[in-house]
Structure formats: structure tokens, C-alpha cells
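Colleague: I have not looked at this structure before. Could you take me through it one question at a time?

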Amino acid sequence: MFFFISKALWLIAQPASLILLLLLVAFAVGFRRKRGLSQVCVALAAVILFACAFTSLGYLALQPLEETFPHPAPPADIAGIIVLGGGMDAEINAMRHGYELNRSGDRFVEALRLAQAYPRARILISGGSGMMFPEGDTEAQAGSRFFTALGIDPARIIEEGGSRNTEENARLTRETLNPKPGDTWLLVTSAFHMPRSVGLFRKAGIDVVPWPTDYFTTGGEGVGLRLDQPSENFSVATRAMREWVGLLAYWLTGKIDEPWPKP
């Protein structure tokens with residue numbers, strides 16, 4: 001139920017939807033000659049659009065999340081690598097049965113590098129489908145094809161294809177692995193997503209070593225205009241808003257123990 005509620009609410013709460021809703025309200029109240037409310041709605045829509053598409057707002061919001069868990073020194077030995085789904089283009093892979101990577105595909109590239117650096121480590125791919133009405137292959141299946149196509153022994157790969165969000169990633173990974181005390185498991189996911197992921201894995205009872213990747217910020221972002229790439233800026237702002245909202249929602253519902261998990 002939480003999965004469907006979160007998906008439905010995010011359809012309304014994301015910046016593009018807020019802008020559209022504000023413009024629709026302005027249009028509707030304009031017919032009733034409530035010009036004051038109409039003007040406020042249009043102004044708010046314009047502010048949200050300008051801030052998200054033409055400033056560094058999204059990068060500033062992502063930067064503290066990405067800086068929460070510094071990149072660790074490589075351990076001497078590990079039991080395995082947990083790579084979270086979200087790096088595959090689900091719709092294309094569902095139809096073409098390939099392993100097309102999306103903007104967060106660095107998760108799989110870095111996990112491949114780690115798999116080569118630790119040839120005895122197992123690789124668990126945690127990811128079903130994040131779509132509300134899934135079709136075709138899971139992300140775990142597409143990820144497995146990616147690793148085997150690039151030379152990883154299929155016997156090393158564990159597929160966890162039932163999870164639809166990060167909370168289920170953690171819980172189902174715990175059930176699938178049943179990790180032994182003292183085992184070292186690297187958790188590979190996007191740097192901005194690491195605080196929420198670590199909080200959920202801690203709650204599930206898995207002591208992971210955070211291995212962030214797929215950075216969106218330079219680490220030295222400042223307040224300013226970014227006029228040359230509005231679509232990318234808007235996408236980053238949407239991603240940042242979703243992650244902060246996700247952290248708050250998971251904390252309020254008791255799925256993580258602190259609103260901003262840290263080392």
C-alpha cells in the first residue's frame with residue numbers, strides 16, 4: 001500500500017505537476033474574476049519554473065546528500081556487493097530484453113568494476129520494477145544480463161527481483177542473503193540516495209559499507225544562474241525534491257530511525 005500511495009502522491013507533488021496545477025487553478029479562478037488568487041498562482045508557477053530550470057537550486061539541494069557518506073578506502077576483502085536498482089531503463093528493457101542504462105547507470109558500471117577487483121565476491125542485484133503497473137523483465141534480470149555479457153560468472157550473481165522501492169530493497173535483500181556476522185557487504189547506489197538507503201539497510205539489520213557513485217554535483221556548488229541547460233537543471237531539481245521528500249516520508253512512517261542518516 002505504501003508503494004502505491006507514494007507513487008500517487010509524487011505524481012502530484014513533483015515540480016512539473018505543481019506548476020501545471022497552479023496554472024490550472026489560475027485558469028479556473030480567472031473565469032470567476034478572482035484575479036488576486038489567479039495572479040498569485042501564476043506567480044508561484046513562474047517562481048518554481050525559474051528556480052528549478054534556470055538556477056543551481058537542484059544541485060544545492062543534492063550536494064549535502066551526496067557529501068554525507070565519503071568514499072571509503074577499499075576493504076581488503078568483502079563477502080559481496082549489493083547494487084540497488086534504478087540504473088536501468090525499465091521500459092526499454094521490458095520491450096527489448098536488453099540492459100540499457102539510464103542516468104543512474106553508474107551504479108552498475110561501478111559494481112562491475114568492483115566485481116572485477118574482488119573476483120570471489122558475490123553480486124546481489126536488488127530491483128524489481130518501480131513502475132506502478134510493471135511489465136516485462138525486472139531490473140535484477142536486466143542487471144544480470146549486463147554482468148554476464150561483460151564477463152562475470154553467472155554463478156556469482158544473486159537476483160532479488162521482488163522489490164519496488166528502497167525499503168523493499170533492504171528488507172528483501174536481508175531475507176535473500178541472511179548475512180553472517182562479520183561479513184562485509186558493499187552497498188552501491190547513487191551518492192544522493194545513500195543516506196536513505198543506509199538508513200533502511202540499518203533498519204533491516206544489515207551493516208553495509210556505503211559505496212556511493214553516480215554523482216550529480218561537483219562538491220563545490222554555489223548559488224547562481226544556470227541558463228544553458230534548463231531541462232537538465234529541472235531534472236536534477238526534481239530528483240533532489242523527491243529524495244528529500246522520501247527521507248521525510250520514510251522517517252515519519254518509521255521506516256528509518258533518523259530523518260537524515262549519517263555515518
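Colleague: In what order do the five strands of the open sheet stand?

Modeller: This is a predicted model, and what follows is computed from it. The pairing in the open sheet is parallel. Neighbouring strands are turned against each other, with a twist that averages 20° from one strand to the next. Read across the sheet, the order is β3-β2-β1-β4-β5.

Colleague: Which strands stand at the edges of the sheet?

Modeller: An edge strand has a single partner strand, so one side of it is left without a neighbour in the sheet. That applies to residues 157-160 and to residues 208-213. The edge strands are β3 and β5.

Colleague: How many bridges join β1 to β2?

Modeller: Strand β1 covers residues 80-84 and strand β2 residues 122-126, and the two run parallel. Gly80 stands opposite Arg122, and Ile81 stands opposite Ile123. The number of bridges joining β1 to β2 is five.

Colleague: What is the bridge partner of Gly80 in β4?

Modeller: β1 also pairs with β4: four bridges join them, and they run parallel. Gly80 takes part on this side too, and its bridge partner in β4 is Trp185.

Colleague: How many of the five residues of β1 are buried?

Modeller: One side of β1 carries Gly80, Ile82 and Leu84, and these are buried. The other side carries Ile81 and Val83, also buried, which leaves both faces covered. The count of buried residues in β1 is five.

Colleague: Which helix lies across β1, β2 and β3?

Modeller: Two helices can be set side by side here. Helix α6, residues 106-117, lies across β1, β2, β4 and β5 and runs at about 170° to β1. The helix that reaches β3 spans residues 139-149 and runs at about 165° to that strand. It is α7.

Colleague: Which side chain of opposite charge is nearest to Glu160, and how far away is it?

Modeller: Glu160 sits in strand β3. It is buried yet has no salt bridge. A salt bridge needs a nitrogen and a carboxyl oxygen within 4 Å. The nearest side chain of opposite charge belongs to Arg171, at 8.5 Å.

Colleague: With which side chain does the side chain of Glu160 make a polar contact?

Modeller: Leaving aside residues up to four places away in sequence, Glu160 touches several residues, among them Leu124, Ser126, Asn169 and Thr173. The polar contact of its side chain, at 2.7 Å, is with Ser163.

Colleague: Is Met194 buried or exposed?

Modeller: Met194 lies in helix α9, residues 194-204. Its contacts, not counting residues up to four places away in sequence, include Phe69, Leu187 and Trp211. Because its relative accessibility is 0%, Met194 counts as buried.

Colleague: How far apart in space are Met194 and Pro210, C-alpha to C-alpha?

Modeller: The two residues are 16 residues apart in sequence. Met194 touches Pro210. From C-alpha to C-alpha the distance is 7.1 Å.

Colleague: With which residue does Asp214 form a salt bridge?

Modeller: The closest N and O atoms of the pair are 3.0 Å apart. Asp214 lies in the loop between β5 and α10 and its partner in the loop between α5 and α6, so the pair ties together parts that are 111 residues apart in sequence. Asp214 is buried, with a relative accessible area of 1%, while the partner is partly exposed at 39%. That partner is Arg103.

Colleague: With which residue does Arg196 form a salt bridge?

Modeller: The closest N and O atoms of this pair are 2.9 Å apart. The pair links distant parts of the chain, helix α9 and helix α10, 47 residues apart. Arg196 counts as buried at 8% relative accessibility, and the partner is buried at 3%. The partner is Glu243.

Colleague: How many salt bridges does the count come to?

Modeller: One more example is the pair Arg145 and Asp137, whose side chains meet at 3.0 Å, N to O. Arg145 is partly exposed, with a relative accessible area of 24%. The count of salt bridges comes to ten.

Conventions. Residues are numbered from 1 along each chain as its sequence is written. This is a predicted model: local features need pLDDT of at least 70, side-chain atom pairs count only at pLDDT 80 or more; totals for chains, interfaces and linings use all residues. Side-chain values use heavy atoms; hydrogens and water are left out. Two strands pair if DSSP finds at least two bridges between them. Axes are lines fitted to C-alpha atoms, for helices over the stretch in contact, and angles run from 0 to 180 degrees between N-to-C directions. Contact means heavy atoms within 4.5 Å. Buried means under 20% relative accessible area, exposed over 50%, partly exposed in between (1.4 Å probe, protein chains only). Lys and Arg count as positive and Asp and Glu as negative; His and the chain ends are not counted. A polar contact is a pair of N or O atoms within 3.5 Å; within protein, one must be able to donate a hydrogen and the other to accept it, and residues adjacent in sequence count only if both atoms are side-chain atoms.
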